[in-house]
Amino acid sequence: MKRILLVLVLIGAWGSVTPTDSAQAATNPFHIRSVPNAIVYEMKSGKLTKVATYSTTKRYAAISTSGWYYIALSGGKKVYIKKSQAKLLLADPITRSNLTSSGTARLAHEYMRQMAPHVPYEYERLSEAKAIDYANRALKGNWYVPSTPYRLSVPNIDTFDWHRSIPSSSSNSYPFQIHYLTVLNQLTQAYNATNDTAYLKYGMRVVKSWTKAHPVANYKQYRWPYNDHGTSVRTFHLLNFWDVYKSSSLYKDTAFTGLMLRTLHEHGTLLATSSFYKYEHNHGVFQDMALTAIAQTFPQFDQSANWKTIADSRLDKQIRHSITSDAVHLEHSPGYQAYMYHVLDRFVIWADDNRFTLPSSMNRVEYMPKQLTYMVKPNGTLPIFGDTSGARRTTSIIPHIDDFPQLAYAVSGGKEGSRPPLTVKKISTQYSFMREYWSAPPRAFNQATQVMMTAGYHSSAHKHADDLSIDLYGLGRDFIIETGRYGYTNRPERQRVFGVDAHNTVHRDGANLDLSASMREKSKIVTVKNLGPSLLAMGESKLIGKGATHRRTLVYDKAQTLVVYDRISSPTQEKFVQRFHLAEGLKLLQSSMATQNVVYGDSNGRTIQLMQLNLKNSSMRNSTSFVAVEDYEWKPRPQVISYNTGKDVRYLTLIRLDQSKTTIRSASVKVSGSNYIVTYTLSNKETRQISVPI
């Protein structure tokens with residue numbers, strides 16, 4: 001009892017009621033309700049003295065806690081009631097301002113102890129071994145960061161200078177990951193694996209250090225600490241840390257409880273701020289998810305109901321804007337079809353597990369893997385359209401892939417799952433897909449020819465000037481591919497990948513595509529067809545600008561020969577440029593600029609031949625460019641460029657893949673009704689025809 005009395009004295013808990021006590025009781029959101037026959041104490045002459053017992057329950061405005069007692073006001077006096085004889089109630093929502101009161105923080109600490117933990121949403125899932133390894137490094141002051149240069153030296157987190165001690169990096173992902181507190185996630189998951197509170201103790205220090213250095217009032221001054229996406233990810237890491245901390249033996253520090261609740265309230269306020277929000281972008285989706293998580297994890301906050309309404313409305317609009325009704329993600333990058341499914345599927349599961357509600361449009365997420373099936377190339381990669389990496393994909397491309405056997409078949413090289421039924425497909429208006437075969441082939445699974453085309457301009461999200469660009473794969477290798485994303489960095493290479501001259505399309509000489517906001521939705525895949533002997537895809541774009549229209553038609557004859565027909569209708573006479581960027585490892589074998597006929601090949605005898613069949617006003621030249629199949633690669637590769645001038649410019653390009661030392665010896669074009677009939681003869685004297693709609 002002496003210890004309890006000393007604590008009461010030290011916190012100023014004498015019998016008299018101060019103006020501060022009255023003001024705090026008026027603004028404090030907590031009440032207590034005593035049980036029948038609870039003993040009520042007052043502090044008299046420095047001693048806790050029994051003053052009353054009531055046979056019925058009574059309700060009091062709470063001020064604070066002390067040891068085993070609640071402190072409350074009754075009849076203008078400060079009273080003490082044992083916690084075992086009273087229940088703490090939330091009478092009013094918790095505000096950011098009343099959390100600055102130490103008394104409210106103490107009561108909130110007690111109240112939150114009663115709340116069951118939630119199933120976590122883990123933005124970054126780590127294996128137990130990796131989580132423990134990374135967390136142990138952090139305890140020694142050597143943080144692991146997933147992006148180059150992969151580490152951060154933090155000799156003492158309590159004195160770490162967040163503004164001067166983070167080294168500069170060409171990778172934007174590096175400061176992004178540091179400030180979304182990837183280390184806190186590592187510590188949380190290491191604790192979950194071991195129950196070692198050393199990880200939580202260090203995590204507490206990280207939170208104290210980071211929040212002290214980055215007051216939310218100054219968020220506009222901080223590029224990475226309050227990055228729109230990073231703030232969202234950090235929210236999940238903070239929430240997950242909070243849940244395990246609250247259930248641990250360390251849950252004793254009422255000041256830290258107040259800091260955590262204030263920080264999460266501040267994050268909710270910022271995420272709900274319109275000027276901070278990223279509209280029509282996956283970053284906005286993350287903001288909606290994080291705001292939903294705060295609102296539904298802390299219904300006690302004064303703004304949670306409003307935040308939930310805001311998040312639901314925004315998320316519904318984002319999903320309807322960025323995911324079509326047939327489940328195609330519209331951020332111009334096949335890689336994001338997989339990435340956003342990863343993110344959103346786990347978010348839906350998280351909401352279900354916690355019995356949280358989400359807008360009905362989230363149902364669109366369910367079928368995204370079915371569309372992803374038709375983006376996977378025969379070698380298990382995705383076409384590097386937009387911000388897509390050329391990394392090899394496996395059955396880990398999405399969670400629970402067994403639910404999508406056709407996607408499993410595509411990424412496993414036909415070893416798992418079931419064969420997809422289509423060899424030609426319009427993937428919403430974003431992509432066209434044509435494939436030579438899936439199984440029972442004349443060649444191995446990864447030898448099949450696959451042609452894809454991209455179109456669409458829906459927002460600035462991951463948008464390159466690549467409308468009607470193509471990706472051509474066959475004979476076990478890439479032949480015509482995009483430039484790639486290079487990596488999220490401030491290096492000049494990253495800027496180069498956006499320009500039209502980095503893509504396999506047509507543009508006005510010396511000009512980029514018109515990507516002004518008024519041009520959105522003016523590019524699309526129009527149609528795809530299986531014509532029996534051939535496969536057809538057609539796209540149309542007005543992004544070529546100045547009132548012109550570019551229509552591209554692809555016809556593949558299922559025999560390794562493709563016609564690319566470009567028609568540009570322009571109100572004024574202009575010079576237009578057609579570009580095909582070839583894959584690394586192809587070298588020029590034959591070239592005739594007079595007949596506009598070139599052949600490139602690799603060391604394994606695989607060749608690609610490109611011939612211009614419409615020679616009027618046109619010319620061709622060989623050139624070079626660069627490719628980044630993997631992030632931060634920048635490798636030289638060939639480029640074939642053709643020029644033509646006019647108002648009605650037409651390119652009719654014949655492209656053949658081969659590994660039998662066979663080339664096209666001659667080709668001719670004639671008009672038959674509304675079609676071009678392309679006839680070509682191979683060096684083995686075989687003659688074939690392809691019909692191309694004009």
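A polar contact is a pair of N or O atoms within 3.5 Å; within protein, one must be able to donate a hydrogen and the other to accept it, and residues adjacent in sequence count only if both atoms are side-chain atoms. This is a predicted model: local features need pLDDT of at least 70, side-chain atom pairs count only at pLDDT 80 or more, and totals for chains, interfaces and linings use all residues. Residues are numbered from 1 along each chain as its sequence is written, and side-chain values use heavy atoms, with hydrogens and water left out.

**Exercise 1. Place D466 and list its partners.**

Step 1. Find the element. D466 sits in the loop between strand 12 and strand 13. Helices (H or I, at least four residues) and strands (E, at least two) are DSSP runs, numbered from the N terminus.

Step 2. Check accessibility. D466 is buried, at 2% relative accessibility. Buried means under 20% relative accessible area, exposed over 50%, partly exposed in between (1.4 Å probe, protein chains only).

Step 3. Look for side-chain pairs. The side chains of D466 and K463 form a polar contact of 3.4 Å.

Step 4. List the contacts (heavy atoms within 4.5 Å). Setting aside neighbours within four places in sequence, D466 touches F385, G386, T454, E482, H503 and L513.

**Exercise 2. Do the same for H462.**

Step 1. H462 lies in the loop between strand 12 (450-454) and strand 13 (470-474).

Step 2. Is H462 buried or exposed? With a relative accessible area of 10%, H462 is buried.

Step 3. Its side chain makes a polar contact of 2.7 Å with that of D387. Another, of 3.4 Å, links the side chains of H462 and Y336.

Step 4. Beyond four places in sequence, the contacts of H462 include H281, N282, E331, H332, S333 and Y488.

**Exercise 3. Describe how helix 3 packs on helix 9.**

Step 1. Choose the descriptors. Two packed helices are described by the angle between their axes and the distance between the axes.

Step 2. Read the values. Helix 3 (residues 102-113) and helix 9 (residues 254-272) meet at about 85°, with axes 8 Å apart. Axes are lines fitted to C-alpha atoms, for helices over the stretch in contact, and angles run from 0 to 180 degrees between N-to-C directions.

Step 3. Classify. Helix 3 is therefore roughly perpendicular to helix 9. Angles under 35 degrees count as roughly parallel, over 145 as roughly antiparallel, 65 to 115 as roughly perpendicular and the rest as oblique.

Step 4. Name the residues. Helix 3 contributes A105, R106, A108, H109 and M112, and helix 9 contributes T254, T257, G258 and L261.

**Exercise 4. Locate the nonpolar cores.**

Step 1. Define the term. A nonpolar core is a set of buried Ala, Val, Leu, Ile, Met, Phe, Trp, Tyr and Cys residues joined through side-chain atoms within 4.5 Å.

Step 2. The largest has 125 residues, and W143 and W162 have the most contacts inside it. Helix 12 (residues 334-354) gives the most to this core, with nine residues.

Step 3. A separate core has 34 residues, among them F479, I480, L582 and Y600.

**Exercise 5. Place G510 within the whole chain.**

Step 1. G510 is in the loop between strand 15 (506-508) and strand 16 (523-530). G510 is exposed, with a relative accessible area of 77%.

Step 2. How far apart in space are G510 and A72? They are 76 Å apart, C-alpha to C-alpha, and 438 residues apart in sequence.

Step 3. Set the scale. The C-alpha trace spans about 115 × 45 × 45 Å along its principal axes. The chain has 15 helices and 27 strands. Of its 694 residues, 59% count as buried.
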